[in-house]
Amino acid sequence: MTRKTIVPALLLSAALLIAASAAWGEDSSKSSFLSGVHKKNQVTCADCHGKSLTVDDSETALNKNCKGCHGGFADLAAKTKEHINPHNSHLGDTNCTACHKGHVASKAYCNYCHSFAMKIPAMGTEKESTDKKWVQESAPGKKDLKSNRVESTDVVVIGAGGSGYVASITAHDAGAKVILLEKMPITGGNSMLAAGGINAARTRYQERLGMHDDPAEMVKETMKGGRDKNDPELVKVLAYKSADAVDFLVSLGADMTDLVRSGGVAVDRTHRPVGGAAVGPHLIKVYRENAAKRNIDVRVNSEVVQILSDGKGRVTGVQVKGKHSGVYTINAKAVIDTAGGFAANNELVGSYKPQFRETASSNQPGATGEGMFLAEKAGAKLIDMEQIQIHPTMGGDTKVLVSETVRGSGAILVNHAGKRFVNELTTRDKASAAILAQPEKSAFLVLGESTRKSNVQIDGYIALGLVQQADSVAALAAKMGVPADALTATVAAYNKAFEAKKDPEFQRQDIPRPVDGPKYYAIWVKPGRHHTMGGVKINTEAQVIAKDGNPITGFYAAGEVTGGVHGWNRLGGNAITDTVVFGRIAGSNAASFIKKEK
Ligand code: MEZ
């Protein structure tokens with residue numbers, strides 16, 4: 001650049017800076033916001049934004065600058081003394097700007113689900129920062145911006161949860177150019193929160209441990225769990241491709257070596273990382289790394305507002321509302337809808353099942369169901385929308401799911417009278433109904449030391465303050481507020497059943513561990529909304545089915561946005577299988593469809 005061109009360029013930059021500050025309105029002047037605090041510390045706009053003020057929807061450069069000055073998540077995590085460490089959480093390494101806002105009140109992402117105080121620097125005023133309802137963000141002044149921007153790609157994938165990542169990676173590896181869109185400020189979807197594992201039948205991990213399993217049994221149990229309302233063809237695909245799904249995850253770098261039993265299943269079929277670690281955060285880390293390694297174009301803060309079609313029965317792309325770029329078009333040869341379910345949408349849940357309105361939801365705040373209705377507008381048939389799963393064990397009055405694997409590892413369910421009242425590993429619909437039939441509509445998980453040691457997630461619940469502990473069963477009963485003699489008798493009977501390998505009271509087929517000391521633990525639990533079984537109708541090729549029963553050309557779907565796989569009740573551990581099996585089918589079929597079209 002010559003001096004002649006530098007000066008006007010600098011003037012233009014300065015003008016843009018001023019104009020941009022004005023566009024942010026009076027908010028930018030608030031000294032309690034991050035921008036104000038930075039300004040006080042002589043940090044300039046350009047230090048964060050760079051010379052160009054254009055911020056992309058994923059805020060990539062901005063976040064790189066945050067990390068350049070403040071260090072990465074690992075550095076920040078090391079500085080945190082408190083046991084709740086937002087820089088070392090199950091959300092993994094995400095955008096700084098998911099929590100730390102520049103020009104409006106900062107807001108801890110964790111607080112959408114957790115109630116612990118999350119004071120963050122430059123939080124703004126209390127009122128501005130504590131509203132927990134998630135709304136899609138637009139940069140101030142850019143809400144209704146409609147651009148003429150048009151992009152083109154082979155495959156566009158809606159929703160960067162487990163199915164979205166698997167579909168994107170698979171389509172990419174089959175030669176397609178992929179754009180993966182996520183409306184939330186972070187990727188991961190509900191898969192990020194998955195605590196249990198992935199169900200798979202006849203895997204090398206089962207065989208290594210001398211366990212015999214059969215996909216035909218997985219079909220039977222999945223159908224029975226779904227009250228035979230599942231699409232049997234989809235269930236067969238789920239079961240017979242499940243072992244392959246585990247191998248696929250391992251090929252990406254995942255650890256699926258530990259096995260546990262889930263409700264409604266007669267073998268240890270739920271695969272998870274060693275030590276019983278939660279499967280979701282592990283998988284999402286692996287997916288993020290794999291997508292980055294492949295340079296897949298992943299965009300957060302990018303909400304699909306319309307699925308486009310040619311009016312002759314084929315989809316042609318999407319319209320996206322970017323947080324900063326406004327509304328734009330992506331023309332695509334194929335669209336894959338992996339936008340997830342709606343168990344976080346109180347109004348929608350209430351419209352199908354009024355009795356579930358206002359119950360706690362285990363879901364991430366973005367699980368609000370738009371992906372289903374976008375598909376419906378593009379001609380898709382929706383099925384089983386009123387089938388909403390209530391998970392038996394949410395932690396007391398919180399939104400924290402206490403994983404079914406805790407029961408699978410050896411915890412028993414007792415009521416407020418200190419007695420067992422249900423087979424702990426029955427299906428979720430039955431276990432939830434049994435808890436809701438108790439006068440208090442809640443119960444306790446009671447477990448011993450060997451169970452705690454077998455499942456690292458229990459230490460997480462202890463850290464979150466959900467667990468009561470005592471040195472004897474009687475002392476635990478006192479803390480729980482249940483009769484000590486009843487709980488002592490219940491534990492003694494259960495331990496006898498463990499010794500005899502026979503459960504005369506509730507016919508448990510497996511009793512992996514006794515409730516043993518030296519320490520005893522209890523968690524107060526209540527049922528809460530967990531999974532929506534209904535959604536977009538698909539066939540075994542993951543093609544979206546129209547109201548007339550025919551596949552919609554170029555349109556695929558996978559995961560919780562679809563209906564039919566789980567019938568009227570999903571088995572624990574089958575959701576991750578669904579995301580991987582059908583995510584792979586959708587990705588691979590979308591890529592071969594494009595090749596055929598070329
Ligand atoms: O699949 C699930 O939803 C699951 C296993 C949840 C859990 O309880 O951990």
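**View 1. Cys-45 is partly exposed, with a relative accessible area of 35%.** Welcome to this predicted model, where we begin with the cysteines. How many disulfides does the structure hold? The count is zero. Cys-45 takes part in none, and the nearest cysteine sulfur to its own, that of Cys-48, is 7.9 Å away. Cys-96 is likewise in no disulfide; here the nearest cysteine sulfur belongs to Cys-66, at 4.3 Å. A pair of cysteine sulfur atoms has to be within 2.5 Å to count as a disulfide. A disulfide, after all, is a covalent bond joining the sulfur atoms of two cysteines.

**View 2. Cys-96 counts as buried.** The relative accessibility of Cys-96 is 11%, and the cut-off for a buried residue is under 20%. Cys-45, from the view before, has 35% and is partly exposed.

**View 3. Residues 37-115 carry a domain annotation from UniProt.** The unreviewed entry names this stretch "domain: Tetrahaem cytochrome". What does the chain look like in secondary structure over residues 37-115? Helix makes up 34% of the stretch and strand 0%. The C-alpha atoms at its two ends are 26 Å apart.

**View 4. Three strands make an open, antiparallel sheet.** Follow the strands across the sheet and the order is S3-S5-S4. Strand S3 (198-199) and strand S4 (258-260) are the edge strands; each has a single partner strand, so one side of each has no neighbour in the sheet. Strand S5 covers residues 270-272 and runs antiparallel to S3, with two bridges joining them. Which residue of S5 is the bridge partner of Asn-199? That partner is Thr-270.

**View 5. Eleven labels to look for: the surroundings of the ligand.** Around the ligand sit Ala-195, Gly-196, His-391, Leu-401, Ser-403, Glu-404, Arg-428, His-530, Arg-570, Gly-572 and Gly-573.

**View 6. Side chains of Ser-403, His-530 and Arg-428 approach oxygen atoms of the ligand.** For Ser-403, a polar side-chain atom lies 2.6 Å from a ligand oxygen. His-530 also places a polar side-chain atom 2.7 Å from an oxygen atom of the ligand. In the side chain of Arg-428, an N or O atom is 3.0 Å from an oxygen atom of the ligand. How much of the ligand's area does the protein bury? Taken alone, the ligand exposes 270 Å², and the protein buries 95% of that.

Key: Residues numbered from 1 in each chain as written. Predicted model: local features only at pLDDT ≥ 70, side-chain atom pairs only at ≥ 80, totals over all residues. Heavy atoms only, no water. Pairing = 2+ DSSP bridges. Helix = DSSP H or I, 4+ residues; strand = E, 2+ residues; numbered from the N terminus. Buried < 20%, exposed > 50% of the residue type's maximum accessible area, 1.4 Å probe, protein only. UniProt positions renumbered as here; feature names shortened; annotations may be inferred. Near = heavy atom within 4 Å. Polar contact = N/O pair within 3.5 Å; in protein donor to acceptor, adjacent residues only side chain to side chain. Areas by Shrake-Rupley, 256 points an atom, 1.4 Å probe, with all protein chains shown as cover.
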